[in-house]
Amino acid sequence: MKGYLRYFLNKLVWFLVTFVFAFILNFILPRLMPGDPVAGIVGKMAQGMSNATGVQAIYKQYTELFGTNKPMIEQFFIYVKNVFRGDFGFSFSQYPRTVGNVIKSSVWWTVCLQFPAIIVGWIIGNALGALAAYLKGGFDRVLMPVSIFISNLPTFGMAVILLVFFAVDLKWFPSSGGYGFDLLPSFSWKFMWSVIVHYQLPFWSIVLIAIGGQAIGMRSMSIYELNADYVKYSRFMGIKDRTIVGYVFRNAMLPQITGLALSIGTMVGGALVAEIIFSYPGLGTTLLNAIMGGDYPLISAITLIITVMVLIANFLIEIVYGFIDPRIKAAQSD
Amino acid sequence: MKHTLQQIFHSPNFVIGFVIFMVLLLTVIIYPLFITDAPLGIIAQGTFFEPGIYVNVYDSLGATPYTLQLNDAATKRIENKLKAQDRQDMQDWLKADGVPANQIDITNTASLLGLWQKNYDPNKSFPGMTYARQRYYQRLDASLKGLLSTSGVIIASQDPETSALVQSGTVQQTDYVNIGEVANVKVLPLGTDNFGRDVLTELVRATGVSLEIGLVAGVIATLIGLTLGLLGGYVGGLVDDLIMFITNLFTVIPTFILLILISFSIGQEQRGAVTIAVVIGFTSWVWTARAVRSQVISLRNRDHVNLSKLSGHSVAHIIVADILPYIASYVVMALILQISSAILAEASLSILGLGPRTTEVPTLGLMMNWAMIYQAEILGKWWAYFPVLIVIALITFSMNLMNTGLDQVFNPALRA
């Protein structure tokens with residue numbers, strides 16, 4: 001147990017250090033972008049104003065409000081202090097909304113889109129992959145090339161194909177947005193139905209690609225396990241096929257579960273392009289708008305969320321593996 | 001070596017992937033030798049011309065006419081001219097006139113025209129029909145009469161002095177030209193795009209540029225990943241800790257977001273195709289480094305490596321002579337994957353409008369981006385985006401097939 005505690009602490013320290021560096025990168029990178037975002041806001045505010053001193057005054061007021069007139073180092077410490085209080089400041093491009101407010105209204109769209117899509121894609125993909133490995137023959141020979149082909153379509157490719165086919169040609173589903181443009185978010189049936197209808201295309205474009213990738217991975221793992229010595233030994237022992245398949249499946253699952261945890265961790269950053277193509281009101285679209293508007297408080301906050309989620313997922317995987325995998329346990333006793 | 005190659009080319013997956021890839025590559029190389037048009041040259045005035053053969057009208061008037069007596073020529077001509085909307089309107093009029101709906105078949109041009117000629121009366125007006133509508137039917141009837149006429153068309157040119165029109169020839173309905181005798185015929189197998197550029201020429205060039213981007217980015221990423229992985233895995237200790245730290249750092253900041261941030265900071269003006277390739281290369285080496293490192297760690301304590309160490313060989317020598325050959329196959333597979341994912345990364349970046357600047361060379365992603373901006377997918381101009389998607393999918397598909405094939409050769413357990 002002492003060895004495990006050391007392993008745990010070691011990992012924790014590394015992750016904390018990584019987090020600090022990632023945090024700094026998150027702060028600096030967006031601020032290296034060209035252009036003065038405050039000038040953009042002031043330009044909007046001062047539209048039609050001919051008084052140069054007035055515009056100057058507005059500009060000064062905003063730079064003070066956003067703190068962009070201070071040196072980068074000072075800005076960084078103010079930022080750190082504010083973030084620890086949960087305050088990410090104002091969004092430049094959507095002023096006067098705060099960053100927290102903008103994110104709160106978009107993050108659920110992304111989570112509700114990606115989480116079920118990843119889970120559904122993972123389950124179907126693994127089932128197909130395991131079947132292909134077990135049945136072999138025609139099923140395998142058809143499924144494999146199709147899976148490889150589908151998983152090699154870029155996300156936007158699948159999105160565009162679904163869009164053209166189901167939204168433009170068949171007109172079954174709307175082509176963009178998270179809900180009808182004539183509706184306001186509310187808990188009415190009409191709104192719910194609109195959300196469900198808008199949900200389908202982005203959802204399936206993510207699921208289909210996930211199925212392909214997972215099926216390939218699961219097939220390789222299962223074939224590898226099916227040829228393992230313990231399977232042959234079990235066959236000699238006369239254990240029923242069904243039971244053996246159970247063993248194999250459980251062993252082949254382990255790396256797949258890692259993959260699942262990782263893709264849940266990276267889900268926010270995972271399908272930005274699909275969201276953008278369908279103008280789905282999630283974090284991806286928000287991030288793109290923030291980048292286009294030079295809105296670095298918003299960019300920093302979104303990338304920070306993504307970073308923290310990936311970091312936590314990685315950390316959990318390593319911790320759990322420390323428990324499960326005997327090889328890591330052995331390494332701790334060195 | 002020869003044996004390994006033989007084995008590789010016996011794997012059906014690898015061979016299929018290799019053939020697809022070679023076909024694409026050869027097209028990219030050979031096509032420009034025959035069609036030397038500038039890939040970004042704007043030839044069409046207007047957007048999204050449909051794929052087809054474009055014959056110069058002026059030149060075909062000047063070409064020798066041949067008379068061909070074909071029975072179905074008139075029917076075809078009328079069918080082509082009579083639009084779906086016209087047919088619908090004719091049906092509406094006939095219905096209002098009292099013709100039973102089951103007698104009207106708007107897909108059968110001959111019977112529809114027969115009914116129309118029998119029943120239509122230009123002076124008849126129905127309740128609810130506006131005067132404009134009545135006039136519309138009169139015009140439709142007149143144009144139908146024009147269609148049905150069998151006389152030719154007179155070509156006239158303007159006399160430069162008197163400005164009077166002088167007849168210079170007639171074109172009969174039975175006149176044909178041999179397409180080989182027309183001076184200007186342009187084949188546009190994939191039509192033109194939103195800027196009026198030949199999509200096929202553009203696509204071939206874009207495929208070439210995207211492959212170059214993939215190659216540059218893939219080589220950079222693989223080199224960085226290989227170096228860091230070898231160093232971390234073989235040297236170990238503090239070097240390994242440092243490398244793992246950098247690797248972890250790059251793992252937690254999603255590559256694609258890093259890519260977006262960096263390309264945006266570079267700015268549209270500075271972003272050439274090569275710059276984008278370098279940026280992609282420098283952000284995507286992470287998993288190669290990790291994988292190489294873990295392979296090297298498992299090799300580090302092999303007997304032949306220890307023997308080499310005892311013989312006093314330098315670290316560089318051990319790495320090159322005793323470790324690299326064992327991971328070479330793996331590195332090749334990693335390189336192939338890196339190339340295909342770099343091509344995808346470029347395409348995704350360009351779709352967001354963060355790709356290479358648009359004035360010099362087309363890339364697959366840029367073509368996608370242009371098609372999306374001009375809403376080709378909504379307008380149903382499939383030739384502007386669908387071939388691009390197919391090419392992207394074919395490139396990555398062929399590379400992954402090759403990879404699967406290699407995998408099956410080098411990991412015999414996977415050979416089912």
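**A tour of chain B**

With 7 C-beta neighbours inside 10 Å, Ser163(B) counts as exposed, and this residue of the predicted model is a good one to select at the start. Look for Ser163(B) in the loop that runs between β3 (153-158) and β4 (165-171) of chain B, and check its backbone there, since Ser163(B) has a positive phi of about 60° although it is not a glycine.

Next, select Gln375(B), which sits in the loop between α15 (364-373) and α16 of chain B. Its phi is also positive, near 55°, in a residue other than glycine, while its surroundings hold 13 other C-beta atoms within 10 Å, so that Gln375(B) is partly exposed.

From there, move to helix α11 of chain B, residues 273-283, where the buried residues are Ala273(B), Ile276(B), Ala277(B), Val279(B), Ile280(B), Gly281(B) and Thr283(B). To see what these buried residues pack against, add α8 (199-235), α10 and α14 of chain B to the selection.

Finally, show chain A together with chain B: 34 residues of chain B are in contact with 41 residues of chain A. On the side of chain B that touches chain A, the elements giving two or more residues are α9 (237-252), α10 (255-266), α14 (315-351), α16 (376-379) and α17 (382-410). Colour α17(B) separately, as this helix supplies nine residues, the largest share of that side. If you then colour the side of chain B that touches chain A by residue class, you will find 24 nonpolar, nine polar and one charged residues.

Conventions: Residues numbered from 1 in each chain as written. Chains lettered and ligands numbered in written order. Predicted model: local features only at pLDDT ≥ 70, side-chain atom pairs only at ≥ 80, totals over all residues. Contact = placed C-beta atoms within 7 Å. Helix = DSSP H or I, 4+ residues; strand = E, 2+ residues; numbered from the N terminus. Nonpolar A, V, L, I, M, F, W, Y, C, P; charged D, E, K, R; others polar. Buried ≥ 20, exposed ≤ 12 C-beta atoms within 10 Å, placed from the backbone.
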